[in-house]
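Thanks for making time this morning. I would like to walk you through one structure, starting with its strands and ending with a pair of helices, so please have a look at it first.

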Amino acid sequence: MRPVTMRGLEVFVAVVDTGGFGSAASALDITQPSVSVHMRELESKVGGPLFERHPGVSPQLTPVGRNFYAYAVDTLARTRAISSDAGQSKRKLHFAAQRFVANALLRRPLEEFTSLRTQVELIVRTGTFEEVHALFLKGAVDLVFMLSNGEVPGLQTEQMGRYRLAFVAPPNHPLAKAQNISIDTLSAYPFVAAYERSYFGRMITDKLRAVGLTDPIIASQAQEMGTVRDMVVAGMGIACALRRALQPDIAAGSLVELDVDVEPMYLTLNYARRVRPELPEIDNLIDMMRRSEGLHA
């Protein structure tokens, strides 16, 4: 007998258990022609007919079919037991990240991790600074990535890297093509701001005050940076945001980075981890993040 597929065995057992090709198709949520194709392929691999087929009569197992049915049921049961045991034996790594980190930085590290650490199940949660900070404090996650303007309040963290802030506007904005824009000039135009009561919003406000923009005209606020981005694209104002998050829009021309005459501004990427000797993969994921971003310990 040539090798058969698990799906072929599942379809065969369903035909026998439900009493026909049509009922098997309904049970498996596939088409009846698909069931017929599976059975023809299976019979070609087994080397003989599995059913006696007569018009208007439910298919009956041949002697070969009866023997093969016992084999199929046993094989499927053992395969499911092995899969269940493997799933139960996986260790779980819970971690959380601010949405910028999750959306802009984690794709490559997660791809590498899941391909190399198949014995660990990743459980990833994303949210605002406040949400991921709370998850770590209450012990719901083993590792957390978050942005700050220095130290993270209430947590002992390690700095991993820094990410530049930029002033962005739609391409038709009056300042889009201006050079060496002064803070005084910039302050005459409305801003789309991160929600002022959020930690991220307060960090941006502190950065703006540090370069002399103490009282910007706020046209609107949003808690999600994706919403801030959408408002700027719609022409509602200028934003000060993480350049890395908006790089695709800048490259596509839907946003422009304004040439503002200030020293570069940055936020730092930090992580906090729990000491889990039985879960060394926490450090593996941190190292993968460093390599992906070209950062050094």
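**Strands, cores and a helix pair**

Let me begin with strand β6 (residues 158-169), which is joined to strand β11 by seven bridges, the two running antiparallel; strands here are DSSP runs of E of at least two residues and helices are runs of H or I of at least four residues, numbered from the N terminus, and two strands pair if DSSP finds at least two bridges between them. Before going further, I should say that this is a predicted model, in which local features need pLDDT of at least 70 and side-chain atom pairs count only at pLDDT 80 or more, while totals for chains, interfaces and linings use all residues. Residues are numbered from 1 along each chain as its sequence is written, and side-chain values use heavy atoms, with hydrogens and water left out.

Within the pairing of β6 and β11, glutamine 159 stands opposite asparagine 270, and asparagine 270 is also the bridge partner of methionine 146, which brings us to β5. Six bridges join β5 to β11 (residues 265-273), and these strands run antiparallel, whereas β3 (residues 91-98) is joined to β5 by three bridges and runs parallel to it, with alanine 97 opposite phenylalanine 145.

How buried is β5? Six of the six residues of β5 (residues 143-148) are buried, so the strand is largely enclosed by the rest of the structure, where buried means under 20% relative accessible area with a 1.4 Å probe, protein chains only. In a regular strand the side chains alternate between the two faces of the sheet. In β5, Leu143, Phe145 and Leu147 lie on one side and Val144, Met146 and Ser148 on the other. As for β11, seven of its nine residues are buried.

Phe145 returns in the largest nonpolar core, which has 58 residues, as one of those with the most contacts inside it; such a core is a set of buried Ala, Val, Leu, Ile, Met, Phe, Trp, Tyr and Cys residues joined through side-chain atoms within 4.5 Å. Apart from it lies another core of 20 residues, including Leu9 and Phe21.

Finally, helix α2 (residues 21-28) packs against helix α3 (residues 32-46) at an angle of about 110°, with axes 8 Å apart, the axes being lines fitted to C-alpha atoms over the stretch in contact and the angles running from 0 to 180 degrees between N-to-C directions. The two helices are therefore roughly perpendicular, a term covering 65 to 115 degrees.

Notes:
Angles under 35 degrees count as roughly parallel, over 145 as roughly antiparallel, 65 to 115 as roughly perpendicular and the rest as oblique. Buried means under 20% relative accessible area, exposed over 50%, partly exposed in between (1.4 Å probe, protein chains only).
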